[in-house]
Every structure is written in C-alpha cells, then in structure tokens.
Amino acid sequence: MHVLLVAGARPNFMKVAPIASALARSGIAHSLVHTGQHYDPQMSDAFFADLGLREPDFHLGVGSGTHADQTARVMQAFEPVLVHVRPDWLVVVGDVNSTLACALVAVKLKEALGVRIAHVEAGLRSHDWRMPEEINRVLTDRLSDLLLVPSRDAFANLAAEGLPGERAVFAGNVMIDALFAQLPLARAADMPGRLGLARDGYAVATVHRPSNVDDPDTLATLLHAFGNLARGVPVVLPLHPRTRRNITQFGLDALLAPLIVLDPLGYRDMLSLTDGARAVFTDSGGLQEETSALGVPCVTLREQTERPVTLLEGTNQLAPWPLERHSLVRCLREALGRPRYQPGERVPEGWDGRAAIRVVEALQTHVAAPAVPQRVRAFA
Ligand code: UD1
C-alpha cells in the first residue's frame with residue numbers, strides 16, 4: 001500500500017505530521033506533496049521544522065492568487081505527480097483550496113489509476129456557503145471514498161447530504177495528536193516569558209478570515225475591541241499577512257498601538273502562547289479546537305462555527321452577532337474571567353492523541369473494500 005499525503009497551507013501541516021509519523025511507524029510507504037499554497041517561512045518552513053515533518057517529496061510552488069487561479073494551479077501541478085506516484089490512497093486534510101484541488105484531480109483519474117481518496121476532517125459544516133472553506137469541505141467530502149470524521153456530530157452532516165454511512169469512519173482529531181506530542185516542547189519554549197508576559201496574564205487574538213479582515217469597518221471594530229481590552233490586560237496579536245496588508249491599506253495602523261503585534265508564529269511558539277493565555281479571541285478553525293484541548297477559554301469571532309463540538313464539550317463560545325464594539329468588549333471581558341481547565345480535561349471523544357493511528361487503521365481496512373461505485377446515487 002502506498003499513501004500520498006497532501007499539505008498546502010498552514011492549518012494542514014499539524015494534521016499531516018501525525019499521519020506521516022503513524023504511517024512511518026506502521027512501515028507503510030508514503031510520499032508527501034506540499035502544494036506551496038503557503039510559502040512564507042513563518043507560514044510554512046517553521047511548521048515543518050517544529051513538527052518534525054520531513055522535506056516534501058514534491059513541492060508544487062503554487063503560491064497565492066484568486067481562488068480560481070490558485071485552485072487551478074494546484075490541479076495542473078498535482079496531476080503529473082499523482083500519475084507518477086500512482087498511490088493506493090490520496091489523503092487530503094482540512095478545507096483549504098489545496099484540499100479540494102487535489103481531490104478533484106484524483107477523482108477524475110480514479111478509473112485510470114485505481115487511486116482512492118480519503119478526507120481527514122470530513123463532515124464539518126458551518127452551513128455558511130459564503131465561506132470558501134465550506135465549499136471546499138462539501139465538495140471534498142462528495143468526492144472522497146473514505147470520510148474520516150473528527151467528532152461524532154459530523155456523521156449527521158454527511159448523512160444529511162446523502163453520503164453513505166459506510167464511507168464514514170470515526171477517527172478523532174489528528175490535530176490534537178500534534179498538540180499533545182508538542183506540548184512539553186512548547187512549554188519549554190516559553191513564548192510568554194520571552195515576551196515578558198506571565199502565564200494567565202495576557203490574552204491572544206488572531207483574525208484572518210476575509211469576512212473579518214477584508215471589510216474596513218469590521219476590521220476596525222475588532223481592533224478597537226482588542227485595544228479596549230488592552231487597557232486591562234496585555235493583548236498579543238500575531239498578524240496573518242492578509243490582515244497586516246489590509247490594516248495598512250485601510251489606514252488602521254494606529255489601532256495597533258495598544259497591542260503586542262507579532263509576525264505569524266511557528267507551531268511551537270503559537271502553541272506555547274496559546275497554552276499560557278488567559279483567553280483566546282480568534283476566527284481560526286484550528287484555535288477553537290486547540291484552546292478546547294488546552295482548557296483555555298476561547299471566543300470565536302464568527303457568526304457560526306463548523307466545530308460546534310467545541311461549544312458543547314470544549315471551552316469555545318461564539319461572539320455576539322453582528323459584531324458591535326460594546327457587546328464584543330463585554331463578551332471578551334467575560335471570557336477573561338472564565339475558568340481554565342487542565343489540558344485534556346474537557347475534550348470531545350477521540351481528541352486523545354491517537355487519531356492518526358485510527359486514520360492509518362482505516363486506510364488499511366478500507367484499501368481492500370470496493371471503491372465508491374462510479375454510478376452514484378443522486379442526492380436525497
Ligand atoms: C487559507 C485558507 C484558510 C486558512 C488559512 C490559514 C483557503 C480557501 N483558505 O487562507 O482556510 O484558515 O489559509 O492561514 O484555502 N500570503 C502570504 N504568505 C503566505 C501565504 C499567503 O503573504 O505564505 C498572503 C497573500 O497575500 C495571499 C493571502 O495571504 O494572497 C491569502 O492567502 P491564501 O492562501 O489565499 O488564503 P489564506 O487567507 O491564508
């Protein structure tokens with residue numbers, strides 16, 4: 001059995017790393033593709049180094065672009081790699097453009113190459129079709145033979161779209177495998193100490209979603225709220241390149257003055273910072289899960305989440321919507337007063353550091369199973 005693993009953007013690397021090492025431990029041949037969707041050293045190389053990910057076997061170097069441009073370039077560059085490797089499994093993770101692009105290439109070559117597609121983190125839904133990630137999730141699941149779900153609520157989402165239950169397997173959350181493996185090293189890295197901050201004595205904020213940072217008023221509301229909070233507690237803001245560019249373009253640089261602004265952080269430093277925070281305010285998908293695993297209160301700066309399990313069984317809550325400065329500040333203040341838990345104390349089932357093992361077992365079990373029939377049932 002040969003497995004071809006794809007990573008493209010920052011939130012992919014911590015999902016691929018535990019799967020690559022579980023495959024290596026099981027003696028299963030595998031290759032790694034980096035599409036190059038993210039390419040800045042701090043958005044990519046730093047993660048490979050921290051996570052112990054080996055050099056990719058194939059680097060596609062696609063870079064940034066419009067959605068169509070980026071997706072198309074991944075597809076064009078990935079097709080010859082897939083034909084060359086002829087894997088038994090293509091494993092794609094998460095919901096970024098690279099995820100969908102590679103799955104789409106593989107499904108068209110299924111007959112010719114005999115490849116099957118496994119989607120890790122299948123079945124998550126925000127039910128917000130304006131999010132590019134939601135489109136990527138729905139379509140990638142539709143194309144995949146094996147749907148590896150991170151939490152049990154995902155089964156109902158897949159069933160509601162008419163996807164047959166026998167294709168879906170509970171795996172748990174591979175990203176939490178990486179988190180528990182790296183936590184001792186992250187704590188030793190002492191990112192808060194390096195910033196002169198005390199454990200539990202600061203908040204962390206991150207924003208990068210187009211819906212939050214591409215609109216000047218929304219971005220200003222968020223920065224005003226963080227600034228307001230910073231009067232009482234230091235607020236650290238690692239800035240995604242898109243956010244930094246927009247702040248300057250919209251003339252909002254002055255709103256950064258009360259905040260501790262950082263460049264994007266590598267995996268270990270970010271984990272160290274998150275672990276030590278009194279609360280995290282974010283629009284990231286991964287941080288909603290990581291804060292739950294670490295026991296740190298989190299406010300998600302979005303109208304809804306595709307990870308509702310973090311609201312029910314984790315430490316997450318949604319910001320009051322629509323975003324408005326005063327109610328937002330009140331909500332963030334309250335979060336700073338919420339209790340924190342010990343790492344692993346309040347986590348959903350399967351967020352236990354063993355998800356990648358279950359992924360590999362599922363790949364082994366299903367490699368002999370019949371592929372998805374070419375004549376598929378219509379959606380219910
Ligand atoms: C992508 C994912 C998003 C994920 C996020 C994490 C999609 C549709 N979105 O969004 O789900 O939460 O990654 O970061 O795939 N840029 C750089 N350096 C880089 C990468 C990007 O400067 O290494 C800048 C470029 O100006 C680029 C912009 O960031 O145009 C956006 O990058 P892109 O990969 O298109 O999407 P993200 O916003 O990062």
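**Group meeting: two covered helices and a salt-bridge network**

Okay, let's start with Gly295, which comes right after helix 14 and has a positive phi, near 85 degrees. Helices here are DSSP runs of H or I with at least four residues, strands are E runs of at least two, and both are numbered from the N terminus.

Quick housekeeping. This is a predicted model, so local features need pLDDT of at least 70 and side-chain atom pairs count only at pLDDT 80 or more, while totals for chains, interfaces and linings use all residues. Residues are numbered from 1 along each chain as its sequence is written, and side-chain values use heavy atoms, with hydrogens and water left out.

Now the overall picture. We've got 17 helices and 13 strands in the chain. The radius of gyration is 20 Å, close to the 21 Å from the globule rule for 380 residues, so the chain is as compact as a globular protein of that length. That radius is taken over C-alpha atoms, and the rule is 2.2 Å times the number of residues to the power 0.38. Buried residues make up 59% of the 380, where buried means under 20% relative accessible area, exposed over 50%, and partly exposed in between, using a 1.4 Å probe and protein chains only.

Back to helix 14, residues 285-294. How many of its residues are buried? It's 10 of 10, so to speak a full house. At the N-terminal end, Ser284 acts as the cap, with a side-chain oxygen 3.1 Å from the backbone nitrogen of Gly286. That's a polar contact: N or O atoms within 3.5 Å, and within protein one must be able to donate a hydrogen and the other to accept it, with sequence-adjacent residues counting only if both atoms are side-chain atoms.

Helix 13, residues 267-276, has nine of its 10 residues buried, so it's largely enclosed by the rest of the structure. Leu271 sits in that helix and is buried at 4% relative accessibility. Leaving out residues up to four places away in sequence, Leu271 touches Leu179, Gln182, Leu183, Ala186 and Leu294; contact means heavy atoms within 4.5 Å.

Tyr267, also among the buried residues of helix 13, brings us to Asp50 in helix 2. The Asp50 side chain reaches the backbone nitrogen of Tyr267 at 3.1 Å. Asp50 is buried but has no salt bridge, and the nearest side chain of opposite charge, Arg268, is 4.6 Å away. For charges, Lys and Arg are positive, Asp and Glu negative, and His and the chain ends aren't counted. A salt bridge needs a side-chain nitrogen of Lys or Arg within 4 Å of a carboxyl oxygen of Asp or Glu.

By that rule the count comes to 25 salt bridges. Take Glu121 and Lys15, at 2.9 Å, N to O. Glu121 is in the loop between strand 5 and helix 6, and Lys15 in helix 1, so the pair ties together parts 106 residues apart in sequence. Both are buried. Arg137 and Asp95 pair up at 3.0 Å, and those two are buried as well.

Finally, which residue forms a salt bridge with Glu289? That's Arg307, with the closest N and O atoms 2.7 Å apart. The pair links helix 14 to the loop between strand 12 and helix 15. Glu289 is buried at 2% relative accessibility, and Arg307 at 4%. Through shared partners, salt bridges join Lys15, Asp95, Glu121, Glu134, Arg137, Glu289, Arg302, Glu306 and Arg307 into one network.
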